[in-house]
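Please look through the model below with some patience, since a long chain is easier to follow when its parts are taken one at a time.

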Amino acid sequence: MRKIVSYILIFALTMSAILSFSVSANSGINVTIDGETQAYDVMPVNISGRVLVPLRGIFEKLGAEIQWRDDIKTVYATKGAKKVVVTIDSTYARIDGQPVTMDVPATIIEGRTMVPVRFVSEAMGEDVAWDDATKTVIITHNKNAGLKRLVSDFHRPVPTEFTKSNKLDDLIYYETASSDPAKLYEEVMKKATPVEMFTLSDLETGDFSTKGYATKEMINDENGDKIFRFNITKKAEDPKSCIYKCDKTIESMLHDGDVCMFKLTLRTVDGGDDQGIGKILVQVENPVSYSKDVYREFESAGQWKTYYFSYKPKMKTGGNGQVGFRLPYHVQTVDIKEFSLLNFGTQVTLEEMPGLTMDTSNLAEGVAWRKQALEDIEKHRKGDFNVVVLDKDGNPVKDAEVELDMFEHEFEFGSAYKTALATNEKYGQTASSLFNAGVDESAMKWAPYELGAKERAMKILDATEKLGIKYYRGHTLLWQHPVTASNNRITPEDAVEMAKNKETDALRARINGFIETIMTDFKGKLTEWDVVNEVVNNKDLETGNGDATLRKEWFDVARKIEPGVDLFYNEATLYVEKYDGLKEKEFFRILDEMKELEFDYDGIGLQSHHDKAEEDMEEIIKAFEKIAAYGKEVKITEFSCSNPDPELQANFTRDFFIAAFSRPYISGIIMWGFYDGNNYAAYSPMYDKDWNLKPCGEMIIDLMYNKWWTRDAKANTDADGKATVRGFYGDYDVTVKANGQEKKVSVAFGKGYENTLYITLD
């Protein structure tokens, strides 16, 4: 479709160049709206065979509100939930967020914005005709103008078979092995002999990164057993203010493909938080690059508590190998009586290993928060859809059979994609069956794009259209991160040097030039762009130690290049104070700063990597609400739950999806991969490497295409010819049968629209 539109546009522009450019402001062209002759200070004109009409005069007569932004030469028209964006001298426009192409660009004549007459019909849904004899544009009200514009009638091969009913509360629950990790540990130890890389006694030799916060000692308990004690006498805002780093390193004991585990037993003897709960963080990291295999917080009260954590080292020999503890969360005394770091090599798989001991009661059936969330889904994600059936004379038809079958969701559900979308048939067809949205994982990032990834990015984008994936994000214009932990360059070296040397003008030109290049390459093809990514931890390009005015300029430049596309601030995760208070504070400081400086943006993206699967959903919903208070669209942009426990992964993902879907301001969930054979992390949510559906995949399909999907919804018309069906917002096939006749139409029912469809039988 995009290629066809491009060919038509090229032909139209070529013909415009050949034909003489003639404008007749006094061309004698008239306009009638519902039979009433209109008078405008600038009347319609004919430019090279195309009739252009005044946008404001006609749209306002049709009930739309008009706003003009002179800085970007753009008109914004709104009528209820409908939004139309038109930019002067551009053939690209937006209707309800979706890109459309006009056959000639909008233009200004005598101070008025003029658009092709055909665009009026497309944008506002009204009937537009041309009477050549009287040179009149005839606009008449279409009863279906109050419906959302149907972008496409493409029918993806969505799942249709399920093991559960479609009742919202008939959910899938899995028993999780994580509830008894000690038993798993015993079973693994019977079948394998691990290498002991680190023991309790190895904790004795080490030092604190900063003095004055804590002391350490090895003591004996009442039974004469050794206990390693941290006595933290000073609290810090940032726990990294005091890190205890052990002298012993384990690099030589690590090999590619190893499966490792540590076991930790601790208690809080004194201090801690208001409830007497102490906290420390354990890290196992590369002492040079600081990439971490283990980076987890552990809490305990006065009783001994044992944790198990299993993982695969990220690097080969010479990689992660130094053990450390971040300590000053509270003034507290914490004892450790077991600390073992074991390497099982390839004797076992990660799936056989014990996961993290945790309280999973909040994932159990019947919890209060989920009951409320399901009620909110019914309230916010569904609407009453009216179908009025008329005969050829306009009379209502009683007792007509009306059936609604959903074929696309208004809610965006998608994944990050790689070139396999275009080259691997199984991957592509599976994606088409599951997703209506997506994003390129890496090819649009600055350095890769300039180094040749453009062709790859375009190939993936082209594949999305063929597969019926109609919502596509641009990710990302700027990620102020020079090189990732896996040594992938993100920001070009010359830009990094400009920032270091505070060559602000040169850096500004370099950044703005890239934004213009890539956005022009994808103009009219995407629904939104991440302008910035992960600002909490990455401000390398903001010279002057975090200059938000530079960041604001990047949004302004992006808005000017393509005014209609949505602009997002995308952040690394969903920051919940309970789990990462410092980053949570910085996240909201940035949002407050953007509000104060009047950043021009539309949405907040939350990556939402929840690989620990331990966050509480009530806390997550509170965070959602706090973020929504900024009045922007919110989207889950990179969801992952790369957890080796398949049941825990499924249970957590189920509840996260429910929590997100229950919030009306969250417009979509994009996963950061869905298939283990082509995924950034070890455990994708849906399919293993052999394309076997995982428990999590079964659960996601049940939610998206069974619980949150409307099929075979039927009703009969009343004496007024009206039938009402309640369903999820989305695109539908509507079939009407009456008096031996049958008629089928495709239509969009959207949140905030009138949602009354009129069907006339012959």
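The report below goes through two open sheets, a buried residue, a β-α-β unit and some helices.

The model is a predicted one, and each statement here should be read with that in mind.

**Two open sheets**

One open sheet is built from 4 strands in the order E3-E4-E11-E10, with antiparallel pairing. Its edge strands are E3 (45-47) and E10 (107-109), each of which pairs on one side only, and neighbouring strands in this sheet are turned against each other by 45 degrees on average, direction ignored. Within the sheet, Pro54 of strand E4 has Met114 as its bridge partner in E11. Helix H3 (residues 117-124) lies across E4 and E11, and runs at about 85 degrees to E11.

Another open sheet has 5 strands, in the order E15-E18-E23-E20-E21, and here too the pairing is antiparallel. Strands E15 (206-208) and E21 (292-300) stand at the edges with a single partner strand each, so one side of each has no neighbour in the sheet. The average turn between neighbouring strands of this sheet is 20 degrees, direction ignored. Where E20 pairs with E23, Val284 has Val323 as its bridge partner in E23.

The table lists four strand pairs by their bridges and direction.

| Strand pair | Bridges | Direction |
|---|---|---|
| E4 (residues 50-54) and E11 (residues 112-116) | 3 bridges | antiparallel |
| E20 (residues 278-285) and E23 (residues 322-326) | 5 bridges | antiparallel |
| E31 (residues 528-533) and E32 | 5 bridges | parallel |
| E32 and E33 (residues 603-606) | 4 bridges | parallel |

**A buried threonine**

Is Thr268 buried or exposed? Thr268, which has its place in strand E19 (residues 260-271), has a relative accessible area of 5%, and it counts as buried because this value is under the cut-off of 20%. A polar atom of the Thr268 side chain lies 2.8 Å from the backbone oxygen of Ser300. Ser300 is also one of the residues in contact with Thr268 once neighbours within four places in sequence are left aside, and the others include Gly276, Ile277, Ala301 and Val334.

**Strand E32 and its partners**

Strand E32 (residues 566-571) has 5 of its 6 residues buried, so the strand is largely enclosed by the rest of the structure. Towards E31, Asn570 in E32 stands opposite Asn533, while towards E33, Tyr569 stands opposite Ile604. Together with helix H12 (residues 581-596), strands E32 and E33 make a right-handed β-α-β unit.

**Helices**

Why can helix H7 be called largely enclosed by the rest of the structure? The reason is that 7 of the 10 residues of H7 (residues 425-434) are buried, among them Tyr427, Thr430 and Leu434. The cover over these buried residues includes strand E27 (412-417), helix H6 (420-423) and helix H15 (695-707). At the start of H7, a side-chain oxygen of Asn424 comes within 3.0 Å of the backbone nitrogen of Lys426.

Helices H10 (residues 504-521) and H11 (residues 548-561) pack with their axes 10 Å apart and at an angle of about 30 degrees, and their crossing is right-handed. The residues of H10 that meet H11 include Arg508, Ile511, Ile515 and Met519, and among those that they meet in H11 are Leu550, Trp554, Val557 and Ile561. An α-helix has 3.6 residues a turn, so residues three or four places apart point the same way.

Methods
Residues numbered from 1 in each chain as written. Predicted model: local features only at pLDDT ≥ 70, side-chain atom pairs only at ≥ 80, totals over all residues. Heavy atoms only, no water. Buried < 20%, exposed > 50% of the residue type's maximum accessible area, 1.4 Å probe, protein only. Polar contact = N/O pair within 3.5 Å; in protein donor to acceptor, adjacent residues only side chain to side chain. Contact = heavy atoms within 4.5 Å. Pairing = 2+ DSSP bridges. Right-handed = clockwise from strand over helix to strand, strands pointing away. Axes fitted to C-alpha atoms, helices over the stretch in contact; angles between N-to-C directions. Left-handed = near helix turned anticlockwise from the far one by under 90°.
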